[in-house]
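Hi everyone, and thanks for making time for this. I'd like to walk you through one structure, so let me put it up on the screen.

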Amino acid sequence: MNKIISINKRGASADFSWLANLEKALLREFKTKFRKNETISIALVDSQEIQKLNRVYRSKNKVTDVVSFNMDSDQILGEVIICLEQARQQAKDKKSTLKSELQLLTVHGILHLLGYDHERSQKYAAQQEAAEEKILNLLN
């Protein structure tokens, strides 16, 4: 199996040992959406960097948990950028683990790259949520 996800932790520390299982789940459910040898980049950033990205590209001057950017490339589907600080806080608030929050944010961001858009309408939000649940269930 070709590796479809690459990670850039940028000096941050987080367990992504589950990425191989995520790749299998994604290929099982969305194989037709991936071109041959296409990859997804995942980057971990701090709150200042994600706030800047959110402000510049989404006109929202606030910290967010994840942003996704599609790429105009035959080799890269896009990049999912996760704020590790925000993920840690959300996991704490939910009384969950950092691992499960990173899984959720990663899947959420990848689904955006695949065309899902929960901000479009309640119907699209429900579709994205159902796809997230399906992938997370396959992952765990």
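**Helix packing and a few loop residues**

The crossing of H1 and H4 is right-handed. One thing to keep in mind as we go: this is a predicted model.

Let's stay with that pair for a moment. Two packed helices are described by the angle between their axes and the distance between those axes. For H1 and H4, the angle is about 35 degrees, and the axes lie 12 Å apart. Which residues meet here? From H1 we have Leu 22, Leu 26 and Phe 30, and from H4 they meet Thr 106, Val 107, Ile 110 and Leu 111. Sorted by class, that contact has six nonpolar residues, one polar and no charged.

Now turn to the other partner of H1. Helix H1, residues 19-30, also packs with helix H5, residues 122-139. Here the angle is about 130 degrees, with the axes 9 Å apart. That angle is over 115 but not over 145 degrees, so H1 and H5 are oblique to each other. H1 passes H5 in a right-handed crossing. On the H1 side, the contact is made by Asn 21, Leu 22, Ala 25, Leu 26, Arg 28, Glu 29 and Phe 30. H5 contributes Ala 131, Lys 134, Ile 135, Leu 138 and Leu 139. By class, the contact of H1 with H5 comes to eight nonpolar residues, one polar and three charged.

Next, please find helix H3, which runs over residues 84-94. Which of its residues are buried? They are Leu 84, Ala 87, Gln 90 and Ala 91. Looking down the axis of H3, these buried residues fall within an arc of 125 degrees, so they line one face of the helix. What do they pack against? The buried residues of H3 pack against strand E2 (39-45), strand E4 (76-83) and helix H4 (98-113). If you rotate the view to the face turned away from the buried side, you'll see the exposed residues Lys 92 and Asp 93.

Keep going past the end of H3 and you reach Lys 95, in the loop between H3 and H4. Most residues other than glycine have a negative phi. Lys 95, though, has a positive phi, near 55 degrees. Is Lys 95 buried or exposed? At 78% relative accessibility, Lys 95 counts as exposed.

There is another positive phi to show you. Ser 59 is not a glycine, and its phi is positive too, near 55 degrees. You'll find Ser 59 in the loop between helix H2 (47-58) and strand E3 (66-70). Ser 59 is exposed, with a relative accessible area of 66%.

My last stop is Arg 10, in the loop between strand E1 (5-8) and H1. Arg 10 is partly exposed, with a relative accessible area of 43%. How far is its C-alpha atom from that of Ala 43? The separation is 7.2 Å, although the two residues are 33 residues apart along the chain. Leaving aside residues up to four places away in sequence, Arg 10 touches Ala 43, Leu 44, Val 45, Glu 49 and Glu 79.

To recap the two helix pairs: H1 and H4 pack at about 35 degrees, and H1 and H5 at about 130 degrees. Thanks for listening, and I'm happy to rotate the view if anyone wants another look.

How values were computed: Residues numbered from 1 in each chain as written. Predicted model: local features only at pLDDT ≥ 70, side-chain atom pairs only at ≥ 80, totals over all residues. Heavy atoms only, no water. Buried < 20%, exposed > 50% of the residue type's maximum accessible area, 1.4 Å probe, protein only. Helix = DSSP H or I, 4+ residues; strand = E, 2+ residues; numbered from the N terminus. Arc of directions from axis to C-beta. Contact = heavy atoms within 4.5 Å. Axes fitted to C-alpha atoms, helices over the stretch in contact; angles between N-to-C directions. Parallel < 35°, antiparallel > 145°, perpendicular 65-115°, else oblique. Left-handed = near helix turned anticlockwise from the far one by under 90°. Nonpolar A, V, L, I, M, F, W, Y, C, P; charged D, E, K, R; others polar.
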